[in-house]
Structures are given as structure tokens and as C-alpha cells.
Amino acid sequence: MHFAQTNGSEYLAFCVVGGIIAAVGLLTDSSVTVVASMLVSPLMGPILGISFGYLIDDKRMMWKCIRNEIIGLLITFAT
């Protein structure tokens, strides 16, 4: 399942780009830019993976997605 495999360079790059766009939107007080950062950010993939892993009772997938979500959030906030 591709939800759990979001720790590649593309995922990390999109987290950084989403964080930069969100920061610019917050600094310029532009709600449109903040919403655009949500569209770029790939953080929804692991959330869907957590839900799907729970539904099919795949604990390995759930924990992998939780780990990837935490990594993505930390990278986004660090940006």
C-alpha cells in the first residue's frame, strides 16, 4: 500500500515546500496562500493510511503511517 511508503525524497520535499508556502501565507496574512499550502502538502496520505490500516487491522501499516506523519509534521514545522 502506497500510504505507508511516504518517507521518500518527494514526500520530504513537498513537506518543505508546503511549509514554506504556509509560512509566506502567514507572514503576508493571506488565507488563500495558506490554503494553497494545504493543497501542496502531502500530509493527508499518512492520515488516510492510518485510517485504512485501522480498518483492515494492519498494525504494521498503521504504525508506519503514524511514524511518517510525525516525520512530515516535524519537517514542516522546522521549515
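Which residues of α4 are buried?

**View 1. The buried face of helix α4.** This is a predicted model, where local features need pLDDT of at least 70, side-chain atom pairs count only at pLDDT 80 or more, and totals for chains, interfaces and linings use all residues. Residues are numbered from 1 along each chain as its sequence is written, and side-chain values use heavy atoms, with hydrogens and water left out. The buried residues of α4 (buried means under 20% relative accessible area, 1.4 Å probe, protein chains only) are Met-61, Met-62, Cys-65, Asn-68, Glu-69, Gly-72 and Thr-76. Look down the helix axis and they fall within an arc of 130 degrees, so they line one face of α4. Their cover includes α1 (9-27) and α3.

**View 2. The other side of α4.** Here Lys-59, Arg-60, Trp-63, Leu-74, Phe-77 and Ala-78 are exposed, meaning over 50% relative accessible area. Helix α4 runs over residues 59-78, helices being DSSP runs of H or I with at least four residues, numbered from the N terminus.

**View 3. A nonpolar patch with Tyr-54.** Phe-52, Tyr-54, Leu-55 and Ile-56 make a nonpolar surface patch of about 460 Å². Such patches join nonpolar side chains within 5 Å, from residues with over 30% relative accessible area and no salt bridge (a side-chain nitrogen of Lys or Arg within 4 Å of a carboxyl oxygen of Asp or Glu). Tyr-54 sits in helix α3 (residues 44-55) and is exposed, at 61% relative accessible area.

**View 4. Ile-47 and Ile-66.** You'll find Ile-47 in helix α3. The C-alpha atoms of Ile-47 and Ile-66 are 7.7 Å apart, though 19 residues separate them along the chain.

Technical notes. Patch = residues over 30% accessible without salt bridge, like charges linked within 9 Å, V, L, I, M, F, W, Y side chains within 5 Å. Areas by Shrake-Rupley, 256 points an atom, 1.4 Å probe, with all protein chains shown as cover. Helix = DSSP H or I, 4+ residues; strand = E, 2+ residues; numbered from the N terminus. Expected span 1.5 Å × (residues − 1). Arc of directions from axis to C-beta. Contact = heavy atoms within 4.5 Å.
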